[in-house]
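Here are a few exercises to try with the structure open beside you. Have a go at each one before you read the solution.

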Number of protein chains: 2
Amino acid sequence: MAGRRATINDVASLAGVSIATASKALNGRQDVRASTRQRVLAAAEELSFQPNALARGLLSGQTRTVGLLTSDSAGRFGIPVLLGAEDAFGAGEMAVLLCDARGDAIREQHHLRALLSRRVDGLIVVGESTNLRPSVSRDLGVPVVYAYGPSDDPEDVSFVPDDVGGAVMAVNHLIALGRRRIAHVTGPEHYKAARDRVAGVELALSEAGLEQAGETLWGAWSQRWGRHAAEMLLMAQPEIDAVFCGSDQVAAGFVEAVRERGRRVPDDIAVIGYDNWEVLSTETRPALTTVDMNLELLGRTAAQHLFAAIDGRATPGVHRMPCQLVIRDSTASSA
Amino acid sequence: MAGRRATINDVASLAGVSIATASKALNGRQDVRASTRQRVLAAAEELSFQPNALARGLLSGQTRTVGLLTSDSAGRFGIPVLLGAEDAFGAGEMAVLLCDARGDAIREQHHLRALLSRRVDGLIVVGESTNLRPSVSRDLGVPVVYAYGPSDDPEDVSFVPDDVGGAVMAVNHLIALGRRRIAHVTGPEHYKAARDRVAGVELALSEAGLEQAGETLWGAWSQRWGRHAAEMLLMAQPEIDAVFCGSDQVAAGFVEAVRERGRRVPDDIAVIGYDNWEVLSTETRPALTTVDMNLELLGRTAAQHLFAAIDGRATPGVHRMPCQLVIRDSTASSA
DNA sequence: AGCGGATATGTTAGCGTTAACATTCGGAGT
DNA sequence: ACTCCGAATGTTAACGCTAACATATCCGCT
């Protein structure tokens, strides 16, 4: 391994100039003769000099580093948001300090302290669900942006998927295909995501002057529940011609059970999922039409707004990011 | 937001002592009168003082920060390793700088430079496959540990799953269940993971004095390929009584096709997957027996060895981490 | 020749912290 | 009373870098 790292002092003395001149040359400032700059650059290259970001940060008060605090990065949704954010930051000169609190408030506090101590320029808090989460922004001293899981303080900046709009798109698509007896199967009621999607279903149906086929079926975010719901629904209301499921897992179970009952998807029953979790949505048969929340874009957008907030141009409030309908075979036109 | 952050200077003057005394009091050193320490601690609390990690790092030359360089964190395998590492670090006082090179060598170089400039104490490089990857350790000046994807330099420290051993366990389990006509369906041949698992199959079978049922079927890591392989295999060799699949995706497709052909899993054909990707392995019917590579543990172990390497106790070479067989219904005893 | 001004280079303070060393202050020992 | 010692506290120099300011050099102009 290498010995001591080269400092600007080493570069300066190798180039035969003062450290101030070396600094100017390295930072591309004007008042340096071209030949001198050449010499300094050559010396830096020779010593493979890397400016010490700590010293620079200490002086400037800016670390060009942001914290990414996630409650549950093991979860399905944190990851893409995280990637989008990392992408937006990494493209520039920012670095990302990753902290996973594992859903533990104590650990979160601990991480927050560590991040603050490292003088991050800003913070992105990634939620594990779209439910409101406690704000951490109070007296923090650095700008914070919330992604996926919004802060309970309306003065904070939050970015969340527009689940109501996503559900509206899904149901409108079914209506446009001529389906009229549309059922809805979703996850647990304590998820805001589930409630929002139900609201979207109601909105779209009432605008079209339709009645929902039966009550919303609340359950779990699992394939098992999807299969179970399908069996119940085919029994109780054999006349349905479309189902909007609150997640791809539910939808995958649903189509499987429908197939086994000898009904055809999409001919007899069109099915739409939610999340566009590709391992499920593209591998079921038929492949699932589904709503994509564009989580990477959401993460990227949150990161960009964090930049803005660091520059003092914050945009308070909850921002709803549009979803996108990905059409596949499970709603192929039955024409 | 808060104004300027409090420094140790503010704490010292509020407590009416010199900064040296304040520093000693805050760092729990001996030569401070108890009453003085109390006063300093109270002042620090009052100002919610957080020591500036930059200043500390500049002085000590240690940042208590490590870089986590991943080639493809979107991938299936990087994430758990990353989490395990984050876990091991986060438990202590270390922070993790996350960089995703997106498989781009230029970007990787860029990130490497940024990490070095931030004076990380060490580096974990997480691969996207178990194939050898180019070493980055040369002349880096900080210890590096490779996780999942090993370095091509045998002097480096690498941690990889023992895929040969994993496959041996899987096949031995099938043999123990009394199966004798065992086939193997796996992914693309350019994956070392696939080749290692094939080697494990051959090893276990020859030790038991058995012949493999037909040639290994190379394909893709997809459900589609699993279904296709099942159809081919049931046609060409209807006498097989067990299949070991190179991934859960392949296995999920396989069991689905077997069921559709009216053969029963596990009664007619026992099936084992690989990866223990829970959304697949627990949701297929029957749930899959599969090999778990313990990736979180692998990540955590890599992190712990990075600590050791930072302390100068490196452990060069490729370390193979044992896998674990997770037994579920797809190999339930046919007794 | 002497001066002003532009250009290039050097000197130094300071960012916040810690460690090494210096100083002060009581009290015990002679 | 004086020294000596240890405990408690204070002063200062780094760490590596940049920005503000100071100095040097050279040129053309009056």
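**Exercise 1.** In this predicted model, find which residues I124(B) touches, not counting residues up to four places away in sequence.

*Solution.* Start at I124(B) and look for its contacts: V66(B), L68(B) and A85(B) are on the list, and so are V145(B) and A147(B). Add A302(B), A303(B) and L306(B) to finish it. Now zoom out: I124(B) is among the residues that touch the most other members of the largest nonpolar core, which has 177 residues. I124(A), F254(A) and F254(B) share that distinction. A second, separate core has 12 residues, including A12(A) and A25(A).

**Exercise 2.** Work out whether strand β5 of chain B is enclosed or open, and find the strands that pair with β5(B).

*Solution.* Count first: five of the five residues (157-161) are buried, so β5(B) is largely enclosed by the rest of the structure. Next, check the faces: V157(B), F159(B) and P161(B) lie on one side, S158(B) and V160(B) on the other. Then look for partners. β4(B) pairs with β5(B) in the parallel sense over three bridges, and A147(B) has F159(B) as its bridge partner. β11(B) also pairs with β5(B) in the parallel sense, over five bridges, with V160(B) opposite R320(B).

**Exercise 3.** Check the span of helix α5 of chain A, using 1.5 Å a residue.

*Solution.* The helix has 14 residues (78-91), so α5(A) should span 20 Å. Compare that with its end C-alpha atoms: they're 20 Å apart, which agrees. As for burial, 11 of the 14 residues are buried, so α5(A) is largely enclosed.

Notes: Residues numbered from 1 in each chain as written. Chains lettered and ligands numbered in written order. Predicted model: local features only at pLDDT ≥ 70, side-chain atom pairs only at ≥ 80, totals over all residues. Helix = DSSP H or I, 4+ residues; strand = E, 2+ residues; numbered from the N terminus. Expected span 1.5 Å × (residues − 1). Buried ≥ 20, exposed ≤ 12 C-beta atoms within 10 Å, placed from the backbone. Core = buried A, V, L, I, M, F, W, Y, C linked by C-beta atoms within 7 Å. Contact = placed C-beta atoms within 7 Å. Pairing = 2+ DSSP bridges.
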